[in-house]
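Subject: Structure for your review

Dear colleague,

Please find below the structure that I agreed to pass on to you. My notes on it follow directly after it.

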Amino acid sequence: MPDCFSDLTEKAKNIIIGLTIDDFKEARLKELEETQKKERKDSGQKKESEDKLKIVSEVIDYLNTKANTSFKATTKETMQFVLARQKVDGWELEDFKLVIDFKVNDWGKDDRMKQYICPSTLFRASNAEKYMQAAKAWKESSKVGQNGKTKPGVVPLFRQENFSNPDKSKFKF
């Protein structure tokens, strides 16, 4: 092609070379469809990324609130641990909260163990399953519900009334 055509786009060159208008319209429609498909894919990836960041953020905010810590939800390692539990083990937000509550209850008052209330310990693959199983057992055995009141049907083992005036005839001295 002569140099006078160097500024033209490939499509324009094709038209000049001999494509019909119908061929050009068909090529243009195909290009538009591909562009729209790519935009939808990019949009879907962006939404998926936002959803991932949202769950990581919710989990880490909860951990920071319960354990009085200041972990960042945006660090690569933290995101990997949380997202791996979600993807591999199918954890949902309530599962993360249960493990956090369990370990804060278990280690929160122990200065030596407090340092281990962190995303890398709580959500590491080698710890996650055993912590989840223990947390579920803890939840089942716990006498206090989420509202802070005794669960229905659970009778506390130690009531003050049982010790205020004990029937001494039951005890052997």
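How many helices and how many strands are there in the protein chain? The chain contains 7 helices and 0 strands. Please bear in mind throughout that this is a predicted model. Read from the N terminus, the order of elements is α-α-α-α-α-α-α. Of the 173 residues in the protein chain, 21% are buried. Among contacts between residues at least 6 apart in sequence, 51% join residues at least 24 apart.

The packing of H4 and H6

Two packed helices are described by the angle between their axes and the distance between the axes. Helix H4 (residues 93-107) packs with helix H6 (residues 125-141) at an angle of about 80°, and the two axes lie 9 Å apart. Since angles of 65 to 115 degrees count as roughly perpendicular, H4 and H6 are therefore roughly perpendicular to each other. On the H4 side, the contact is made by Asp 95, Leu 98, Val 99, Asp 101, Phe 102, Lys 103, Asn 105 and Trp 107. H6 contributes Tyr 131, Met 132, Ala 134, Ala 135, Lys 136, Trp 138 and Lys 139. Sorted by class, this contact has 9 nonpolar, 1 polar and 5 charged residues.

Helix H4 and Val 99

The 15 residues of H4 should span 21 Å at 1.5 Å a residue, and the end C-alpha atoms are indeed 21 Å apart. The buried residues of H4 are Phe 96, Leu 98, Val 99, Ile 100, Phe 102, Lys 103, Val 104 and Trp 107. Is Val 99 buried or exposed? Val 99 counts as buried because its relative accessible area is 0%, the cut-off for buried being under 20%. Leaving aside residues up to four places away in sequence, Val 99 touches Trp 91, Leu 122, Tyr 131, Met 132 and Ala 135. Val 99 and Ala 135 are 36 residues apart along the chain, yet their C-alpha atoms are separated by 5.6 Å.

The two sides of H6

For the 17 residues of H6, a span of 24 Å is expected at 1.5 Å a residue; the end C-alpha atoms are 25 Å apart, which agrees. Which residues of H6 are buried? They are Asn 127, Ala 128, Tyr 131, Met 132 and Ala 135. Viewed down the axis of H6, these buried residues fall within an arc of 130°, so they line one face of the helix. An α-helix has 3.6 residues a turn, so residues three or four places apart point the same way. Ser 126, Glu 129 and Glu 140, on the other side of H6, are exposed. The buried residues of H6 pack against helix H3 (76-89), H4 and helix H5 (119-122).

H3 and the residues around it

H3 has 14 residues and reaches 19 Å from its first C-alpha to its last, close to the 20 Å expected at 1.5 Å a residue. Within H3, Thr 78, Phe 81, Val 82, Leu 83 and Arg 85 are buried. Gly 90, just after H3, takes a positive phi of about 75°.

Asn 68 lies in the loop between helix H2 (21-67) and H3. Most residues other than glycine have a negative phi. Asn 68, however, has a phi near 55°, a positive value in a residue other than glycine. Asn 68 counts as exposed because its relative accessibility is 71%, where the cut-off for exposed is over 50%.

With kind regards

Technical notes
Residues are numbered from 1 along each chain as its sequence is written. This is a predicted model: local features need pLDDT of at least 70, side-chain atom pairs count only at pLDDT 80 or more; totals for chains, interfaces and linings use all residues. Side-chain values use heavy atoms; hydrogens and water are left out. Axes are lines fitted to C-alpha atoms, for helices over the stretch in contact, and angles run from 0 to 180 degrees between N-to-C directions. Helices (H or I, at least four residues) and strands (E, at least two) are DSSP runs, numbered from the N terminus. Angles under 35 degrees count as roughly parallel, over 145 as roughly antiparallel, 65 to 115 as roughly perpendicular and the rest as oblique. Contact means heavy atoms within 4.5 Å. Ala, Val, Leu, Ile, Met, Phe, Trp, Tyr, Cys and Pro count as nonpolar, Asp, Glu, Lys and Arg as charged, and the others, Gly among them, as polar. The expected span of a helix is 1.5 Å times one less than its number of residues. Buried means under 20% relative accessible area, exposed over 50%, partly exposed in between (1.4 Å probe, protein chains only). The arc is that of the directions from the helix axis to the C-beta atoms.
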